[in-house]
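Let's take a walk through a protein model together. Have a look at the sequence and the structure below, and then read on.

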Amino acid sequence: MEFIEFITSAQLIYKEFWQQIFFAAIIFIGFFAFQAIALFVIAKREGYKHCWMAFVPILSTYYMGVCSQKNKVGSFSTKKFAIIVAVVELVAVASYLLYFVSESLVTDFLVDIVYATPYEFLPVQIITDYSYSPLLPSNLIWATYVYDYANFFISFIDLAYYVLNFILLISFFKTYAPRNYYLFALVSIFLPLKGVFAFVVRNNKGKSYADYIRDERERQYYIRQQYYQQNFNNNPYGNGPSRGNGYGYTSHDEYYNQNGYNQNRSAHSEDPFGDFNSNGGYNNGYNGNNNGYNGANGNAQKAPPPEDPFEDFN
């Protein structure tokens, strides 16, 4: 299909049809060689048969599906899907070539028709159309029908090919360039570079996209694991090897013991509220040797009743 694109570009430079064909053929062979060599190398490495198909246009499209069979297009195998793409490409190429041939045959017999359509209160509109000269040979009548009506069919088949080819390219680059498959496929649709991209990735080992995702997750897990081991299992301050945490201590007790915090942990500090406990105070009747519910003998004793402030009135 790239050959047709090159012919379209050559029409801007050359007027003669044979010149357009020659120019397009030279450019096409140069780009197609990259694709053919890439598919041939891949097929040899992966063990696919009929490697010669890589060097035949249109069959090369099918063989791209053969090399992509480690992935699928929905529920279809890429081999079956590539057959559809190759058939559509064949129809598209034949339609374009038929149109170019008919155009070259009838161009000399086209007559331009220019007429104006005046409208009240509107400027005159100039309409240009074409017709065929009475000198047109009768054996070229078929070419006029192709030239007049082939555009609609070509537009439809062209759109179908580009959509199907894009899906096939996604499967191919998913197999051999899964990290950039969408970019390669998208650029290959707008520019004739799919052969160049295929040549770049020809030495990559093919794998299914599901295997690539699994391997990528394992790789990311390994990287995170190494990061945590390097940053949290080694002392970041250079005070010796780690012994369990990021600061070189196996436990909090070891840290406090080595820094003097646990030397007198068993000794009780002075009670700042001792004055309140010595004579009973707020804790009278509850703790120690005070009279109360927990006395010196550990038996519950009833505390004496408080002095009555209204005794003189009784």
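## Getting oriented

Helices and strands here are DSSP runs: a helix (H or I) has at least four residues and a strand (E) at least two, and both are numbered from the N terminus. Keep in mind that this is a predicted model. Counted that way, the protein has 10 helices and four strands. Go along the sequence and you'll meet them in the order α-α-α-β-β-α-β-β-α-α-α-α-α-α.

How much of the protein is buried? Of its 314 residues, 31% count as buried. On the outside, the accessible surface adds up to about 21500 Å², and carbon and sulfur atoms own 59% of that. What about contacts across the sequence? If you take the contacts between residues at least 6 apart, 51% of them join residues at least 24 apart.

## The nonpolar cores

Here's a handy idea to start with: in soluble globular proteins, nonpolar side chains tend to be buried together. In this model, the largest nonpolar core has 26 residues. Leu 39, Tyr 48, Tyr 63, Cys 67, Phe 172, Phe 173 and Tyr 176 are the ones with the most contacts inside that core. Which elements give two or more residues to this core? They are helix H2 (17-46), helix H3 (59-66), helix H5 (141-176), helix H6 (181-190) and helix H7 (194-200). H5 provides the largest share, six residues.

Now zoom in on Leu 39. Skip its neighbours within four places in sequence, and Leu 39 is still in contact with Ala 54, Ser 60, Tyr 63, Met 64, Cys 67 and Phe 172. There is also a second, separate core, this one of 17 residues, including Ile 7, Phe 32, Tyr 96 and Val 106.

## Two cysteines, no bond

A disulfide is a covalent bond between the sulfur atoms of two cysteines. How many disulfides does a search of the whole structure find? The count is zero.

Why is there no bond between Cys 51 and Cys 67? The closest cysteine sulfur to that of Cys 51 belongs to Cys 67, and because the two are 7.9 Å apart, they are too far for a bond. To count as a disulfide, the sulfur atoms would have to be within 2.5 Å. Looking from the other side, the closest cysteine sulfur to that of Cys 67 is the one in Cys 51. Are these cysteines buried or exposed? Cys 51 is buried, with a relative accessible area of 10%, and Cys 67 is buried too, at 0%.

## A loop with two positive phi values

Next stop: the loop between H2 and H3, where you'll find His 50 and Ile 58. His 50 isn't a glycine, yet its phi is positive, near 55°. Ile 58 isn't a glycine either, and its phi is positive as well, at about 75°.

What about their exposure? His 50 has 48% relative accessibility, so it counts as partly exposed. Ile 58 is also partly exposed, with a relative accessible area of 22%. The cut-off for buried is under 20%.

## A buried serine in a loop

Last, find Ser 208, in the loop between H7 and helix H8 (209-232). Is Ser 208 buried or exposed? Its relative accessibility is 15%, so Ser 208 counts as buried. Which residues does Ser 208 touch? Leaving out residues up to four places away in sequence, they are Lys 70 and Asn 71.

Technical notes
Residues are numbered from 1 along each chain as its sequence is written. This is a predicted model: local features need pLDDT of at least 70, side-chain atom pairs count only at pLDDT 80 or more; totals for chains, interfaces and linings use all residues. Side-chain values use heavy atoms; hydrogens and water are left out. Buried means under 20% relative accessible area, exposed over 50%, partly exposed in between (1.4 Å probe, protein chains only). Contact means heavy atoms within 4.5 Å. Accessible areas come from the Shrake-Rupley method with a 1.4 Å probe; for residues, only the protein chains shown count as cover. A nonpolar core is a set of buried Ala, Val, Leu, Ile, Met, Phe, Trp, Tyr and Cys residues joined through side-chain atoms within 4.5 Å.
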